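Trainee: Please take a close look at a single part of this model, and then set out how that part relates to its surroundings.

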Amino acid sequence: MKAHFSFKHLFFLGGAMLWSLQSSAVKDPVDYVTTLVGTQSRFELSTGNTYPATALPWGMNFWTPQTGSMGDGWAYTYNAEKIRGFKQTHQPSPWINDYGQFAIMPITGKLVFDQDQRASWFSHKAEVAKPFYYKVYLADHDVTTELVPTERAAMFRFTYPETKDAYVVIDAFDRGSYVKVVPEENKIIGYTTKNNGGVPENFKNYFVIKFDKPFTFTSTVKDNTILPNEMEVQTNHAGAVIGFSTQKGEIVHARVASSFISPEQAELNLKELGNNSFDQLVAKGKETWNREMSKIEVEDDNIDNLRTFYSCLYRSMLFPRSFYEINEQGEVMHYSPYNGKVLPGYMFTDTGFWDTFRCLFPMLNLVYPSMSQKMQEGLVNAYKESGFLPEWASPGHRDCMVGNNSASVVADAYIKGVRGYDIETLWEAVKHGANAHLNGTASGRLGYEAYNKLGYVPNNIGIGQNAARTLEYAYNDWTIYTLGKKLGKPESEIALYKERALNYKNVYQPELKLMVGKNDQGVFNPKFEAVDWSGDFCEGNSWHWSFCVFHDPQGLIDLMGGKKEFNTMMDSVFVIPGKLGLESRGIIHEMREMQVMNMGQYAHGNQPIQHMIYLYNYSGEPWKAQYWAREIMGKLYSATPDGYCGDEDNGQTSAWYILSALGFYTVCPGTDQYVLGAPLFKSAKLQLENGKTVTIKAENNNCENRYIKEMKVNGKSYSRNYLTHEQLTKGANIQYQMNKMPNKQRGVSEKDAPYSLSVE
């Protein structure tokens, strides 16, 4: 936790403005954010797998400098030396890749289009990367590029040298694109169809670009061949190059917007820029980010903690992205990524519920419930338009990961009091998803027939990751049961889901005290090794998955023989060497990330185990949760290019830090409980949308004092190891006394433990 402050950090964070920031009063939280956190990643080892998204919160379009080649999922990497263009992107992760992308690149000198020939050297020392503004100097072209976004539009500001050969390249990418130059309007229009799946046949991203300087040179590009004075091209890989003469320091603006609905809607979306100047748009973007981020105010003497916190909060406010637009009548409309029609209502996309159900969506339900309401409306539309809720959407149904965690996302929002959408349709949707599967996608439940018949997914019926699926389906069944109970559904309708919620027991191997896959005859895997990755598990091993009983930790404790045995098993996770199991399959980045972190088998860089440390609150040793929460925050997170320890994953790993730094975590979405860890900051304040305030004070809080000596809620001594949603939303004053030694008498009784189905 010790601050490591240097001029290198100052350069990285955009300059000396941070000297003026006072730790006691965070007036402009976005000033602490750098969008470069997590960009020092590659295929072999992830430190976030992020790119510097310049965007507004939950915006439809993001922009990023592009260092990677066209189609490369690693669009921007910190160690790269050249920029190929500035790309409008909708990419949620390099593994899913992008869709609806196109790029803009200012160049000077030789007339070129090819992405390698137009690329320019750049330096991070001449780069400013903020959520609402990006700036970089392109050394080969002597051009400074700046950009500022709105939700569906953006403005570029290019500062050119004196030259007769100033150009702008527009690259609509391959796999089917169209570009038309309209010189009398200083305009370029076009569309791109490039995608990596999950789109209907009529998918297009229509774009419009308007300049404030007349063209003296015009051309289109057909499959890398520049065609001077030809104004229109439709081909596999379309583009355009326009040019003009410039004076030294001359500024050229480009106004850009796009639409998934139509070319006319793209023109309408361009009006988001209004009559604002570039600088006015920067100010408005900064104001927007500050307004949203200021809903969580934190105080700390360690500026590194503030930078990490607000950089994580930025990442938590990008996905799921808005996939809707506003028509000329002011109505909310969307192009359906499920059936290809233009329909009324909200739509959101680019999120994998396998990741984000855990705490990203619960964080939204607490801090940004009005956004959550819109997202639930979007899920209603997704179900109506496709017959399934998505499990991984980008932009439509994708085949990625396991589980049926849309049920968790729906249940948690309703349990937490989010209202104003068609919950009855979502009730039908979660029941349908539990008993069906959409072929070729992760939506619904693969293997549901066997699961419903046997109570688990066997490992000999051609379905991989079967033990992991069983564990997630059991939790998902619990969320359906809990939602149905909240909705007042009859016992005859929900009892089955309560019964299935105990199916996690069917893959528990009592001799090993671990989860193990088994065949349809009930025989456990005879080749099982606890440290082996994949096979019966998903992106992990049995040590990671054996604690994935979010809804019934007490039931799991009982299976393992009681609290002492349970705690021994959890302690073992941090003791068993991380290198074990690395030879069990071809190595993947998650395995390497666990190994190099030197925390045994604890694999925070992937999601299944991220809740595990909080289970000590159920087993009578809450001080261990406090210790490990602070250890993980301090060791595995920072506001640097390698600031994560694996996939950031659409805000989930960031949201883990946000909630954990506040002092709690959502072990079981679908309950109303936030399970305690250890607060990171001296004070924090949540300004809730209902006008109430949650104030968290931690006296004597520092790097050494990570244990809770005493806790009070609204002035009364408090021993429970959780807070409730109602406690927080009514407004709460939470006070901690922190100490360097654990208080082993606090939070150890049965009544202090959070929810478990077995003791419901």
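Mentor: Helices H7 and H8 are oblique to each other, because their axes cross at roughly 125° and angles outside the classes under 35 (roughly parallel), over 145 (roughly antiparallel) and 65 to 115 degrees (roughly perpendicular) count as oblique. The axes of H7 (residues 360–367) and H8 (residues 369–386) come within 6 Å; axes are lines fitted to C-alpha atoms over the stretch in contact, with angles from 0 to 180 degrees between N-to-C directions. Helices are DSSP runs of H or I with at least four residues, numbered from the N terminus. This is a predicted model, in which local features need pLDDT of at least 70, side-chain atom pairs count only at pLDDT 80 or more, and totals for chains, interfaces and linings use all residues. Residues are numbered from 1 along each chain as its sequence is written, and side-chain values use heavy atoms, with hydrogens and water left out.

On the H7 side, Phe 361, Leu 364, Asn 365, Leu 366 and Val 367 are in contact (heavy atoms within 4.5 Å) with Pro 369, Ser 372 and Met 375 of H8. Six of these residues are nonpolar, two are polar and none is charged, where Ala, Val, Leu, Ile, Met, Phe, Trp, Tyr, Cys and Pro count as nonpolar, Asp, Glu, Lys and Arg as charged, and the others, Gly among them, as polar.

As for the surroundings, domain 3 spans 348–445 and domain 1 spans 21–50 + 574–759, with bounds from an automatic or database domain assignment. Their C-alpha centres lie 24 Å apart, and 25 residues of domain 1 contact 23 residues of domain 3.

Technical notes: Helices (H or I, at least four residues) and strands (E, at least two) are DSSP runs, numbered from the N terminus.
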